[in-house]
Amino acid sequence: MTATGRARRRSSDRRWPAVFFAFARIGATSFGGGSATIAAMRRTSLRRGWLTEDEFLDTVVPSRLTPGITILAQVLLIGRAVAGLAGMAAAMLGLMAPSITITIALAWCYTRVADLPGAAGPLAAVAAVAAGFAIALALQLVRDVLRRGRLLRGFLCYGAFLVLALLIDNPLVLMGIAVLAALVAPQVFTTGHSGPDGDGEGAHGDAD
């Protein structure tokens, strides 16, 4: 494909119809809960060149700071980054339409098979798959976070907040601690690149 052809494809990929069909595919195929959906959005965003890994992480953070269903907030942020307001509407409609239809159909089926003797095993297996998706997504996000800064520093931050999450069963308190820690010691959470000119710590200063 020529450079002109690639540029034309990138341009078309950033129009709202492309966003709609991409999210419709995610909504129709991302079984396993929110973790599976987020993993699919990450894969789609990176493969299509809509977002970099850092930019995808930047949609994770503000979406987690909003009340309600945070995945919907992230869908809006990704749609806006790709195609503006039209992209937001396309992403939300594309994700919700097939998933709502499939959910209604599965709920209808579930009410008819849940009490059958042989249904317990398959339903437990589906729950295990959902848990596996959650762990896989966590590992992907950890990998992306570690790429943003020092390796040792990233592991220490991840370990510290993992312990806090086990001790404190309140996400608002945990986010408050994270915000306070970033205000007190911002250098711990930065990548070491303070600006586009590369001031501050450079690539050669990232090794612990």
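# A tour of an all-helix model

Setting aside residues up to four places away in sequence, Ala119 is in contact with Val113 and Ala114. Select Ala119 as your starting point, and you will be in the loop between H5 and H6. Is Ala119 buried or exposed? Its relative accessibility is 9%, so Ala119 counts as buried. Before you go on, keep in mind that you are looking at a predicted model.

**The whole protein**

Now zoom out and colour by secondary structure. The protein has 8 helices and 0 strands, and reading along the sequence gives the pattern α-α-α-α-α-α-α-α. There are 208 residues, and buried ones make up 26% of them. The protein exposes about 13,000 Å², with carbon and sulfur atoms supplying 69% of that area. Contacts are also worth a thought here: among those between residues at least 6 apart in sequence, 58% join residues at least 24 apart.

**Colouring by confidence**

Next, colour the model by pLDDT. The average for the protein is 76, and 77% of the residues score at least 70. Which elements have the lowest and the highest mean pLDDT? Helix H1 (residues 3–13) has the lowest, at 50, while helix H2 (residues 16–29) has the highest, at 92. Select residues 1–9: the pLDDT there is below 50, and the stretch has 2 contacts in the model beyond near neighbours in sequence. Then select residues 193–208, where the pLDDT is also below 50. Beyond near neighbours in sequence, residues 193–208 have 20 contacts in the model. A word of care: where pLDDT is low, the predicted coordinates should not be read in detail.

**Into the core**

The next stop is the largest nonpolar core, which has 22 residues. Select Val19, Phe23, Met41, Trp50, Phe56 and Ile78, the residues with the most contacts inside this core. Which helices supply at least two residues each? They are H2, H3, helix H4 (53–64), helix H5 (70–113) and helix H6 (120–148). H5 gives the most to the core, with 7 residues.

Stay with Val19 for a moment. Not counting residues up to four places away in sequence, Val19 touches Trp50, Val82, Ala83, Gly87, Ala90 and Ala91.

**Leu95 and its neighbours**

Move on to Leu95, which lies in helix H5. With a relative accessibility of 6%, Leu95 counts as buried. What does Leu95 touch, leaving out residues up to four places away in sequence? The answer is Phe23, Ala24, Ile26, Gly27, Thr37, Leu72 and Val75. Try a distance label between the C-alpha atoms of Leu95 and Gly27: they are separated by 4.4 Å, although the two residues are 68 residues apart along the chain.

**Two stops in helix H3**

Select Thr44, which is in helix H3. Thr44 has a relative accessible area of 7%, so this residue is buried. Apart from residues up to four places away in sequence, Thr44 touches Ala22, Ile26 and Trp50.

Right beside it in your sequence view, pick Ser45, also placed in helix H3 (residues 34–47). Ser45 counts as buried, with 1% relative accessibility. Leaving aside its neighbours within four places in sequence, Ser45 is in contact with Trp50, Leu51, Phe56 and Ile78.

**A salt bridge**

How many salt bridges does the structure hold? There is 1. To see the salt bridge, show the side chains of Glu53 and Arg42, whose closest N and O atoms are 3.7 Å apart. Glu53 lies in helix H4 and Arg42 in helix H3, so this pair ties together parts that are 11 residues apart in sequence. Compare how covered the partners are: Glu53, at 23% relative accessibility, counts as partly exposed, whereas Arg42, at 6%, counts as buried.

**Out to the surface**

Finish on the outside by turning on the surface display. Which residues make a nonpolar surface patch of about 540 Å²? Select Tyr158, Leu162, Val163, Leu166 and Leu167 to highlight this patch. Then click on Tyr158, which is in helix H7 (residues 151–167). Its relative accessibility is 37%, so Tyr158 counts as partly exposed. From here, you could go back to Ser45, which counts as buried at 1% relative accessibility, and look at both residues in turn.

Notes
Residues are numbered from 1 along each chain as its sequence is written. This is a predicted model: local features need pLDDT of at least 70, side-chain atom pairs count only at pLDDT 80 or more; totals for chains, interfaces and linings use all residues. Side-chain values use heavy atoms; hydrogens and water are left out. Patches are made of residues with over 30% relative accessible area and no salt bridge: like charges are joined within 9 Å, nonpolar side chains (Val, Leu, Ile, Met, Phe, Trp, Tyr) within 5 Å. Accessible areas come from the Shrake-Rupley method with a 1.4 Å probe; for residues, only the protein chains shown count as cover. A salt bridge is a side-chain nitrogen of Lys or Arg within 4 Å of a carboxyl oxygen of Asp or Glu. Helices (H or I, at least four residues) and strands (E, at least two) are DSSP runs, numbered from the N terminus. Buried means under 20% relative accessible area, exposed over 50%, partly exposed in between (1.4 Å probe, protein chains only). Contact means heavy atoms within 4.5 Å. pLDDT is the predictor's confidence in each residue, from 0 to 100. A nonpolar core is a set of buried Ala, Val, Leu, Ile, Met, Phe, Trp, Tyr and Cys residues joined through side-chain atoms within 4.5 Å.
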